[in-house]
Structures are given as structure tokens and as C-alpha cells.
Amino acid sequence: MLIVNDIKKTFNRGSINEKTALNGVTLHLKKGDFVTIIGSNGAGKSTLMNAISGEFFLDQGSIIIDNQDVTFASQHERAKMIGRVFQDPMVGTAANLTIEQNLVLALKRGEKRFLKRAISHEIRDLFREKLKILGLGLEDNLTQKVGLLSGGQRQALTLIMASLIKPKILLLDEHTANLDPKTAEKVLEVTRKIIKEGELTALMVTHDLKQALTYGNRIIMMHEGKIVADLKGEERRKTTVTTLLNLFERNSGRELLNDRMLLV
Amino acid sequence: MLDMFLDTLQQGLIYGLVVLGIYLSFRILNYADLSVDGTLPLGAAVAASMIIAGFNPWMATLIATIAGALAGLFTGFLHTKFNINPLLTGILTMTGLYSVNLLIMGRANLPLLGQKVIFTTPLAIEERTFTISFLLILITLTIGFLYWFLETEVGLALRATGNNQKMITCLGVNTDNMKLLGLALSNAMVSLSGALLSQYQGYADVGIGIGTIIGGLASLIIGEVLLSNGNILRDLVAVALGSVIYRLVIAIVLRMGLPPNMLKLMTTFIVIAALAAPNLKEKFMIKRGYRSYVNS
Ligand SMILES: Nc1ncnc2c1ncn2[C@@H]1O[C@H](COP(=O)(O)OP(=O)(O)O)[C@@H](O)[C@H]1O
Ligand SMILES: [Mg+2]
């Protein structure tokens, strides 16, 4: 479903701020894979997400989604294939627009948009049905401005938007990191539900080892722009927090506990 | 007194198109487009020149509107293709248009004396009644069009472009195209206003554009402060009315003896006050909060 082939990206090349954020990353995802990504701060996790979604062009390597080479496709051209939720709840939705307007924008992700009235009764019914699985009561407030929602509500809405049209790949970048623990839990549950019901292929970055172990069928660890561990199948099933801690120490020579990672 | 009101009403309605255009660029698209100082006289220049050349005033007005759209596209092109700062793109277009407008008119002022214009009434009604009815219908249609457009799939994509570019890009919209569309529409309205203004005043002048943006912003802010509530239809009506109110304020202060040369200065202060108010209020609140904290 997704092939990331030896990609490299260096920011600010030639300046004192030069930073190689991706240093030869290769990754193959099968259809239905739910991969969690962990790694220290600055490891290149977000940059990998951005590379897949096309925020910048690569220095080297290629990206293929569902047999389609998108290496040189611009961000809006690949949008049809990709659903995204960001760490910052403000990024995924338009605050000045209503819940239903945000949803209807997502309903046309990557499609041609026409000069016709965007919202109809049938579409509203569809939105109500989709929002119900959140259990937040958003389905009763379709015409409320999104700017009035809480961070957790916005993040949950973004999840629905990202999966409204089935994406070939769902990218979640620490999408619960800015939420309070209880809300985070809820949003994660919804995430799991949406991925399961939609049989989606997903990449989820998290700094919470427990989360990485609880969700998904594969764990990837990144460090300094590289994938340093890739746990799947039997190996993944046997993985514990201790395994991950040892792996991390071996690869970075640092104690994981000193880092931002949490062991909740 | 009634005469003054009716004359001001006509001006306010004509400039209402400018304010709606500015609303579209500044508020909806979040693009501080200064081109309008050039596209207002562009509309006047094209319409007046064509009318003098013998064209039907409706045709002249239509072409003037299209010319404004093209100028807006040029501004957007500078930003989307060359990544030039929005403020600068507007200034470049505005400055370039000064020469273009002179070129179109052949001189700085073009009178339309005795020409058949769009307000020349074909009916047996008084010209001013006709003009006011015409303008009221036009502004209603424009508001209706904008309201409809901003609720369409494309219109919502345009609004999202102004609100959260990253989000709408992720949803597959080419934001460059949205900016081009918005700026074209906005400047088309401003140019239409210029075309009507020249026919209303009976001349086109290369200098009528100076201060368009500031006057437009003042009207926009007045309308918003007095009448807005975040509903888009209400906003559209509010800013159009803001234009009429602003022209009324001008007419009144002129009557009270303000020298006309001071008008732009007055408008500048209105806009400064409006822009500074939220800031000052915040500072005041912080200070007050601090004081009550210290005193407690
Ligand atoms: N657009 C950018 N410009 C410059 N440097 C960047 C950019 N994006 C990421 N970086 C740098 O690349 C490195 C990896 O960042 P990132 O992928 O955000 O790490 P993380 O694994 O914490 O998500 C960091 O050092 C970051 O500063
Ligand atoms: Mg990150």
C-alpha cells in the first residue's frame, strides 16, 4: 500500500542550520497495517509524515502509494490518498467555519469542487451518523463554529474528516499529545474504531510507549533520521516496554527516561 | 437635507461594491490586497473611454469589470508564482495601474458630459429615483451572489484558504487557484464600482483611487462594529451598509465645516482607532487584572 524507498531530506543545506532530518528511510506497509512510530525528539518522525504527504520534495528516494508513484506530486495532488491528523488541534480544522462546513470540505478531499451548494439534507444525515460514533454530541451542533470547540472535540472531528473518504493511508502525528489524558484516551479509542471499521492502513506517531504497544500490529523506532528498529509479526507480539527501552538505549546510548517519552 | 442624504446614499451604494470586494480579500481570503487603489480608477477609465468611443454603457461597464478581474489576477499571480509578499503585490499592481489608467484615458481627466450613461433613464421616472433603484437592486444582487457563492463547494474552499491554508491543502485544494479566484472577484467588484462612479459623477479621473483602501476599510470596520454577528449574510449586509454610513459621516463632517482636504486624515484616524482599540482594550485589561492581583 505504501512504499517509502530510501528517502533523504536535509533542511537548510549549506547554512549553519543544516539538518539532515531523514537519512535514508525505507518502509513498506501492507494494506491494513497499523504501524506505531516511536523515537526521540527530533528523530524525524514528523518529517517522515510530511514527506509522505508531500509538504516538501525529497533530496533522494521515492514514495509510492497504492502502486502510484507520488514522489513528484504536490501536496494537494496526493490529498485524495492521504488522511491526516496533526498534533496541534488547530491545524486540522478551519475555526471560522461550522462543523458541517468543515466536514463537507473533507467529503470532497481530492475531488473536483463545483459551483453548487455544498450542503444538503442527505449530506447532513450522513454527517450526523458519522459524528455519532464519537459520542460527543457534535451531531446535534452541525452549524456551530469549530473555533468554539475544545481541543479534544476538534481532534475528534479531524479524525472523522480524515476518514470521511477512505484514505489509502492515514497519518496520525502525536494527535493526542496536546490533550488531557482522559480526552486523549477517548480520541485514541475513536482512532482505533475508525481504523478497524474502515480497514485503514495507518501510521501513528506517539511518544507514549504504552500506546505504541497497545495499538497497531507493528512498531517502528526512529533515531537521527533513520529507522533503527522494526518490530512485526511474532517479534511484535512478544515486545514489552522493557524491549523498547533496551532497544532505545542500544541505539541512542541514552536513557529513554531522560527523554520526552512517557511511561504512563 | 434630504437631497444630501439621497446623494450620499447613491455614493454609499456605489462604494458598497468596493467594501464588499475588500471584505472578500481582507476578511474571507485574509489577503491584504491594496490593488483596489488602482482597480477603482481602472474601472472608471475603461468605462469612460469606451463610452466616449461610442460603446453602449452596459458593455463599457461589463468590460471595465472584466479589466478589474484581470488586474486582480495579476496581483494574485505575483504572489502565487513569485511568492511576493501580498502587501507588496497590491502596491505593485496599484502603481503600475496608474500608468495604465493614464494610457487608457489619454489624459488625467475624462468628462462624460452629454454622454448616455448607464443611469440615463429609459423610463419616465426621475433620474435620481432610477439611479437609487438601480443601485439598490445591484447591491442586493451582489450580496445575494456572494452569499450563494460562499456556500458552494468552491466558495467554502476559498473561505478555508483564508482561514487555514494547511488544512485545506491537505484536503486537496490548490490554494493558489483559490487566491487567484478571490482576488479576481474582489477587484472585479471594485472595478465595477469605478465604472459606475465615473458615470455617476460624469467624469473619470486618474486620482479617484487614492485612499480607496483606507476608505473601504473604514466602511468595513464601521459596518462590522455596528452590525456584524459572524453570520456571513449578515456580514455582507453589514459591510455594504457600513459604506453608506461612512459616506454619511463624511457628508456630515463636511457640512459641519471640516475642510475637504482633511478628509483622508480623518479616515486614517478612524481606521487607526478601530485597529488600535482591541489592542488597547487588552492592555487595559491586563493592567487592571495585574492591579487587582497586586491589591488582593
Ligand atoms: N521545515 C523544516 N525546516 C528546518 N528544519 C526542520 C524542518 N522540519 C524539521 N526540521 C528539523 O528536522 C529534525 C527532525 O524534526 P521532526 O521530524 O519534527 O522530529 P520529530 O521526530 O520530533 O517529529 C529536527 O531537528 C527539526 O528541527
Ligand atoms: Mg514531531
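The paragraphs below go through the two sheets of chain A and then the interface between chain A and chain B. The model is predicted, so local features need pLDDT of at least 70 and side-chain atom pairs count only at pLDDT 80 or more, while totals for chains, interfaces and linings use all residues. Residues are numbered from 1 along each chain as its sequence is written, chains are lettered from A and ligands numbered from 1 in the order in which they are written, and side-chain values use heavy atoms, with hydrogens and water left out.

Chain A holds an open sheet of four strands in the order 2-1-4-5, with antiparallel pairing, where helices (H or I, at least four residues) and strands (E, at least two) are DSSP runs numbered from the N terminus, and two strands pair if DSSP finds at least two bridges between them. The edges of this sheet are strand 2 (19-29) and strand 5 (68-69) of chain A, each of which pairs on one side only. Strand 1 (residues 2-11) of chain A is joined to strand 2 of chain A by eight bridges, and the bridge partner of A:Thr10 in strand 2 is A:Thr20.

An open sheet of six strands in chain A follows the order 6-7-8-3-9-10, and its pairing is mixed. Its edge strands are strand 6 (82-85) and strand 10 (226-232) of chain A, and the twist averages 20 degrees from one strand to the next; angles run from 0 to 180 degrees between N-to-C directions, with axes as lines fitted to C-alpha atoms, for helices over the stretch in contact. Strand 6 pairs with strand 7 (residues 169-173) of chain A in the parallel sense over four bridges, and A:Arg84 has A:Leu171 in strand 7 as its bridge partner. Helix 1 (residues 45-53) of chain A packs on this sheet, and its direction makes about 150 degrees with that of strand 7 of chain A. Helix 5 (residues 151-164) of chain A lies across strand 6 and strand 7, running at about 175 degrees to strand 6.

Turning to the interface, 22 residues of chain B are in contact (heavy atoms within 4.5 Å) with 32 residues of chain A. The two chains bury about 2300 Å² between them, 60% of it on carbon and sulfur atoms, where buried area is the accessible area (1.4 Å probe) lost on being put together, summed over both parts. The rule finds three salt bridges across this interface, each a side-chain nitrogen of Lys or Arg within 4 Å of a carboxyl oxygen of Asp or Glu; A:Lys108 and B:Glu153 meet in a salt bridge at 3.6 Å, N to O.
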